[in-house]
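Me: I would like a close look at a single part of this structure. Please keep the answer connected and stay with what can be computed from the atoms.

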Amino acid sequence: MERTPGHNEEKGLLRRLIHNLTVAVIRRPVATITFSLILGLVSVGFTARFLTFKTDRADLIDSGADFHQRWHNFKNLFGDDSDIVVVVEGDREEVIQPAMDWLGQRLESEPDLFTRVLYKVDPSGLQSRGLQYLSPVELEKANQRLEMYGPILAGHWNRAGLESYCRRLADYINVTHANGSETEHAGAVSQARALVHSLSNFLHDPNSFTSPWPEVISANAFPDREKMQAHYQLTPSGKMGFVLALPRSGADNFSGNSASLKALDEIVNESRQQFPELRIGATGIPVLEAEEMARSQWDMTIASVISTIGVALIMLFGFRGFRHPFVGMAMLGIGFAWTAGYITLSVGHLNILSVSFAAILIGLGGDYSMHYLSRYVELRREGYGLQEAILLSVDEVGTGIITAAISTSLSFFCASFTNFLGVAELGIIAGGGIILCAVSTLIVLPAMLTLIDAKITPSKIPSPFTGVMLRNVINRYPRVVTCICLAIVVGIGSQAFIWKDGSLQSRVKYDYNLLNLQAKGLEAVDLQERIFAEANGSLLFAVSIADSPDNVRLLKEKFLALPTVSRVEDLATYMPAYPASETGLLVQAINARLSRLTDLPRELPQLNPLTLGQGLEALYESLKVLPDPSSQVAAGTLDNILNAIEQLSLEQQMQIFGGYQQGLVMSLYRQFQMLASISNPEPVSPADFPEAFRSRFVSKTGEWLVRVYPNSQIWDETPLRKFVEDVRSVDAEVTGTPLQNYEAAGQMQEGYMVASMYALAAILLVLLIDSLDPGPMIISLLSPLVAVGLWFILARDSGVELKPMWMVGMYVLITFCVAAIFDHASVRNTFVAMLPPALGLLLVFGIMGIAGLELNPANLIVLPLIMGIGVDEGVLVIHDYRSQKGKYLVGPSTINAVSLTTTTSIVGFGSMLIASHQGLVSLSIVLTLGVTTCLFVSLIMLPALLKWVSLKRERNQPDSMEDDSNANSEVQIVVPMIQTRNAA
């Protein structure tokens with residue numbers, strides 16, 4: 001059959017290659033399909049054997065980034081810090097602590113599943129080394145005081161008796177007063193006053209004894225004694241406790257399952273039965289990620305079922321039958337299989353971003369088969385034979401498919417230039433997959449059509465959707481339709497921006513909060529919010545690494561002074577403030593003295609009323625002569641004691657003084673015992689602490705860790721940024737989950753933006769190359785290299801830093817300027833083909849601004865996706881425009897193909913609206929908006945604009961769609977028949 005007149009056949013090497021490839025395929029359809037299936041099966045088998053999964057968010061970040069190197073260094077030194085947090089809530093800590101003990105012991109009983117279980121810190125075993133926590137000055141004083149007690153320690157307890165003590169005090173006061181030793185004299189007087197006060201109290205109440213002995217070591221010299229007591233991981237209110245544990249097995253696939261997390265669920269359920277009056281649940285990064293992946297997988301499964309049914313129904317409606325939709329889906333399945341093998345060979349794994357490649361290929365890879373099938377069905381309906389229709393279809397849409405596929409794939413491949421590894425890998429995978437789907441369209445599709453339509457006559461080919469009414473409106477009123485569309489674009493697109501503070505700002509904000517992406521009602525998310533409300537802080541923390549306990553204390557002091565920090569955790573707090581090199585010998589000396597402590601004699605020294613009275617009188621005389629008021633008061637009190645004693649009988653006197661002397665000796669003995677119990681000279685080391693606590697803060701190679709907690713919830717950008725800036729002002733090398741989140745979010749945004757810019761440049765160049773003739777194309781591509789090279793040399797010599805983006809932008813600009821000299825129409829067509837993605841994105845952001853929708857880490861991928869979808873449609877409409885002479889009217893097959901590809905994408909992406917995971921819902925909303933806006937521009941505005949432009953094109957030529965009577969005046973192109981056994 002003859003070619004429809006009015007079409008301007010495209011020429012070129014690419015078209016001839018595609019044409020010859022199609023000829024070879026339809027001559028050997030069985031061999032082609034067999035080879036394609038075998039290659040697909042090999043790819044699937046290879047993938048099943050070697051493809052791995054990376055579910056850690058850290059795998060998304062460039063391992064060469066400085067901040068990520070610090071994170072890796074931290075993990076190498078201290079291991080994973082992604083703790084499971086079992087939260088126990090109750091009215092008071094007395095009922096919470098037993099549950100924490102039970103949970104901690106239960107988790108410790110599963111060493112193959114959990115490690116580093118921590119629910120309380122018990123440093124009480126360090127009390128025997130309490131002297132090591134004193135300063136060298138205090139230890140030196142203690143040693144000197146013990147030296148004075150040498151005879152008593154040697155067993156001369158008679159020197160600890162009341163008479164001996166009074167005489168020695170009196171003598172000491174007299175000697176120090178005479179020598180003018182003010183410090184020693186003040187100490188002696190103080191001891192005398194303490195003795196007088198103690199004796200006076202005992203005289204009034206024999207059941208109340210106060211030790212008059214001076215402390216060998218002052219109680220104020222000891223550090224906070226609470227640090228030596230066991231304490232649970234509780235909030236200040238005591239209403240919430242935390243049991244930490246590190247899972248030995250994390251989620252190793254995208255279902256979120258692991259043996260450790262499964263066992264955790266069982267243990268938590270058991271604890272709820274054991275303690276029904278308490279609220280017990282689990283959260284933490286491993287639990288949050290597992291719940292996120294499990295819920296996402298379930299949501300995606302349901303969405304896939306809905307989208308598959310929806311896409312099938314749309315294709316059945318579009319092609320009015322089952323056969324051709326089946327061919328398109330089979331082709332896409334083979335393309336998927338090839339892509340799986342490509343992924344395994346090129347990258348070797350999937351991460352939590354690149355796993356979405358399937359949705360991308362469904363949305364983009366299947367478009368090419370629909371364009372091919374739409375044109376093929378239209379030609380068959382016009383009466384063309386099987387082989388003629390296949391070859392004419394590939395001649396008309398083949399180069400468009402290749403151009404669209406290359407443009408879209410380049411938009412993804414450009415992501416590999418970014419520093420964000422997750423985006424880079426997604427770009428490599430999606431870009432290669434799109435190319436393979438396009439290749440599958442040009443190889444598998446014609447072979448399958450040759451087989452299934454071999455005996456089908458044109459009259460039996462179903463009539464597809466052609467959009468007659470839409471085509472008529474565009475054909476009759478192109479200017480009106482264009483102006484209305486432009487008004488809609490400007491009106492809605494302008495809502496993406498707002499004039500504020502003297503500058504134009506975007507109304508669409510970026511939401512950093514990963515918790516907002518979680519499914520509503522997840523226990524782990526709810527627990528995070530309750531923890532913040534109860535503890536006024538976050539479970540996330542920054543970490544700083546020091547080389548010694550002293551540096552840890554210095555860092556801690558600086559961190560606590562920051563306005564964004566609530567508390568700091570470290571192990572050095574539990575260590576002596578002074579190194580063993582300064583205190584060790586002193587502690588050994590004290591321990592040696594106290595080791596000579598003998599037992600008390602069975603009978604204390606006998607009291608002699610006469611000599612005892614003389615001793616007290618001597619002390620009285622020593623105090624009386626001193627001029628200071630306190631000494632006079634003490635002398636008066638002692639005088640009253642002596643007067644009161646004189647009124648008692650001898651037996652009563654002996655009873656009172658005997659009881660007092662017993663208390664006097666016993667109090668000194670107990671003081672010696674207490675000092676002996678804390679004088680262990682063995683140096684305190686991190687090994688003295690429980691492994692679950694020690695391993696979190698001291699590495700095996702001796703590095704010390706400081707955990708810095710924020711005083712506000714840092715899932716949002718502003719508090720997170722302030723916290724990061726603050727902690728970095730103290731330690732520029734600080735790392736931790738908050739900093740990883742902060743840097744990764746910035747790197748992701750920058751990655752998508754840089755990828756989009758490179759993609760835009762690549763797409764523009766590909767579209768321009770597709771439009772230009774070989775001569776102008778070579779000149780246009782090569783001549784800018786001279787200018788860019790000269791600019792690079794001058795900038796390098798002047799020391800100006802040149803960013804690659806600037807050089808690429810300059811190259812593209814010069815290329816288009818040169819091309820416009822040779823063929824301004826091709827330059828115009830290139831920019832016209834970019835209208836669907838450009839205006840589509842503008843409309844999306846305008847709608848988001850009106851609706852108050854925000855970008856987030858889940859939906860930021862829309863930038864390259866919408867660009868790819870829009871470019872596909874724009875390229876195919878432009879190729880349809882270039883294939884026609886005279887006034888342009890969008891072809892029925894183009895209407896059908898664009899309608900099918902976009903509506904199936906809308907159904908596919910829109911099916912995720914049923915997801916409970918808010919990240920998927922936000923992605924679905926933005927992608928559905930993007931596809932819809934691209935459909936509006938490519939199906940209505942772009943054809944109307946091209947129709948308007950074409951009114952000036954070859955006015956002397958008839959409109960092919962309006963005047964078929966002139967068909968015989970055109971040059972007729974007949975496609976030769978290819979004889980095969982399956983020919984129609």
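In which sense do strand E2 (residues 84-89) and E7 pair, and over how many bridges? Please start there and work outward to the surroundings.

Reply: The model is a predicted one. Strand E2, residues 84-89, pairs with E7 in the antiparallel sense, and five bridges join the two. One position can be used to find this pairing in the viewer: Val 87 has Gly 281 of E7 as its bridge partner.

The two strands belong to an open sheet of four strands, ordered E3-E6-E2-E7, with antiparallel pairing. Its edge strands are E3 (114-118) and E7, each of which pairs on one side only. Ignoring direction, neighbouring strands of the sheet are turned against each other by 20 degrees on average.

Helix H4 packs on this sheet, where it touches E2, E3, strand E6 (240-247) and E7. The direction of H4 makes about 5 degrees with that of E6.

At the other edge of the sheet, E3 runs antiparallel to E6, and three bridges join them. Here Thr 115 stands opposite Leu 246 of E6. Although E3 is an edge strand, five of its five residues are buried, so the rest of the structure largely encloses it.

H4 also takes part in an aromatic contact. Trp 102 lies in helix H4 (residues 93-108), while Phe 275 lies in the loop between helix H9 (259-274) and strand E7 (279-283). The ring centres of Trp 102 and Phe 275 are 6.3 Å apart and their planes stand at 75 degrees, so this pair is edge-to-face; the cut-offs behind that label are centres within 6.5 Å and planes over 60 degrees apart. The two residues are 173 residues apart, and the pair links distant parts of the chain. Their exposure can be given as well: Trp 102 is partly exposed, with a relative accessible area of 22%, whereas Phe 275 counts as buried at 14%. The limit for buried is under 20% relative accessible area. By the ring-centre rule, the count for the model comes to 20 aromatic pairs. Elsewhere, one aromatic cluster is formed by Tyr 149, Trp 157, Tyr 165, Trp 213, Tyr 669 and Phe 672.

Rings also meet charges in this model. The charged end of Arg 49 sits over the ring of Phe 50, at 4.8 Å from its centre. Arg 567 lies over the face of Tyr 709, 3.8 Å from the ring centre.

The nonpolar cores give the wider setting. In soluble globular proteins, nonpolar side chains tend to be buried together. The largest nonpolar core here has 121 residues, and those with the most contacts inside it are Tyr 372, Leu 449, Tyr 752 and Leu 946. Helix H25 (residues 737-771) gives the most to this core, with 14 residues. Leaving aside residues up to four places away in sequence, Leu 449 touches residues including His 324, Val 327, Tyr 372 and Ile 390. A second, separate core has 80 residues, among them Phe 78, Leu 107, Tyr 119 and Leu 278.

A last buried position is Ser 924, found in helix H32 (residues 918-950). Ser 924 counts as buried, at 0% relative accessibility. Not counting residues up to four places away in sequence, Ser 924 touches Phe 909, Gly 910, Met 912 and Leu 913.

Definitions and conventions:
Residues numbered from 1 in each chain as written. Predicted model: local features only at pLDDT ≥ 70, side-chain atom pairs only at ≥ 80, totals over all residues. Heavy atoms only, no water. Phe/Tyr/Trp six-rings, centres within 6.5 Å; stacked < 30°, edge-to-face > 60°. Buried < 20%, exposed > 50% of the residue type's maximum accessible area, 1.4 Å probe, protein only. Lys NZ or Arg CZ within 6 Å of the ring centre and 35° of its normal. Pairing = 2+ DSSP bridges. Axes fitted to C-alpha atoms, helices over the stretch in contact; angles between N-to-C directions. Contact = heavy atoms within 4.5 Å. Core = buried A, V, L, I, M, F, W, Y, C linked by side-chain atoms within 4.5 Å.
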